[in-house]
Every structure is written in structure tokens, then in C-alpha cells.
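Student: Hey, can we go through this one together? I'd like to get a feel for how its strands fit.
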Amino acid sequence: MKYIHYGHESFDIAKFDQISNNLFFATKPIGGLWACQCKSEDNWKNWCIKNQDKEVDLNKYFIFSLREDSRILTIDNCDKLKDLPKTNFGKDVIKRKVCTELDFEQLSKEYDAIEVFISKDDNLYFELYGWDCDSILIMNPDIIITEIENELFLESEM
């Protein structure tokens, strides 16, 4: 599977921030690398165009794949959220109780990435408010294989 990250022309591990829970926007963590499947129709580029979001330079991007032994948590329906670890951030805030606040720090110890398919369950959009389209959050940069690495690997195999 190939993924695409918009906003940068290459992956720079020095700019990768470790995952931490976000008190102010608890449905999305701080850190990691966000991307989407290259072939997905419900992707970040289409979302930006549809919503006229001009903050991200869609002309800058890089493509990568993931190591085969990557531990990926796939969420394609709301039932999969039930048994996952949660934070306590929203327990006293009525408006935030409508969303699921995952404990991303805990999840990053068990998984290398979280891939969410909003397109398969519309309710995920509301449960994980801020995950606007099908996307993957890379929490462990060691699983990323850039296109350059892919090309070098293929050359060494010949």
C-alpha cells in the first residue's frame, strides 16, 4: 500500500514529533505524521479542495509505504472504538463527551499507526471529530519506507 503526505516534499525524521495527547483537541494527538492512501477517493487533497482549505500546499507531497511488520490499528466503524484506551480529558466537559477521546500515548505503545476509514462509517466523523477523511496517523517513524528507499532496495535486488 502506498500513502501520500501533503505539505512537504520529503520525509524528515528530525521533524517527527513523538505522539502526545492533546488536552485542547483530544480527538487528535500532537505529533506523528498524517497521510492517506494514494488511491483513496476520500483523501486529504479532495477534502482540502472541497472545503477550500488553502493552508496546505497540495503541490508539495511525498509518497511512502510501510514496513510489512508494521502494527496498524484499523478503525472502520464506531464499534472498534469501544475497547480502546481513552483519556479522562472530557469527563467534566459536557460538549466534549460526544466525541471519543482516545489515549494516543497508550496506543502508540501498542501500535505503529492508526488508520481510520471515515468513508466506511459516517459516525466516525463525529466520534473522532477532526479526522475529516480516510487517513493514517504514523506514530512510529521507523515503519516509513520512502520512495527513494524503495528504489534503492529494488536496485540492490537486481
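Tutor: Sure, let's talk through the strands, keeping in mind that this is a predicted model.

Student: Okay, what order do the strands have in the open sheet?
Tutor: The order is β4-β5-β6-β2-β1-β3-β7, so to speak a row of 7 strands, and the pairing is mixed.

Student: Which strands stand at the edges?
Tutor: Those are β4 (72-75) and β7 (144-146). Each has a single partner strand, so one side of each has no neighbour in the sheet.

Student: And how are neighbouring strands turned against each other?
Tutor: By 35 degrees on average, with direction ignored.

Student: Let's switch to β1. Which way do its side chains point?
Tutor: β1 covers residues 3-6. Tyr3 and His5 point one way, while Ile4 and Tyr6 point the other way. In a regular strand, side chains alternate between the two faces of the sheet.

Student: Are those four buried or exposed?
Tutor: All are buried.

Student: How many bridges does β1 make with β2?
Tutor: There are 2 bridges to β2 (residues 33-37), and the two strands pair in the antiparallel sense. Within β2, Gln37 is the bridge partner of Tyr3, and Cys36 is the bridge partner of Ile4.

Student: What about β1 and β3?
Tutor: β3 (residues 61-66) is joined to β1 by 4 bridges, and these strands also run antiparallel. Tyr3 has Phe64 as its bridge partner in β3.

Notes: Residues are numbered from 1 along each chain as its sequence is written. This is a predicted model: local features need pLDDT of at least 70, side-chain atom pairs count only at pLDDT 80 or more; totals for chains, interfaces and linings use all residues. Side-chain values use heavy atoms; hydrogens and water are left out. Buried means under 20% relative accessible area, exposed over 50%, partly exposed in between (1.4 Å probe, protein chains only). Two strands pair if DSSP finds at least two bridges between them. Axes are lines fitted to C-alpha atoms, for helices over the stretch in contact, and angles run from 0 to 180 degrees between N-to-C directions.
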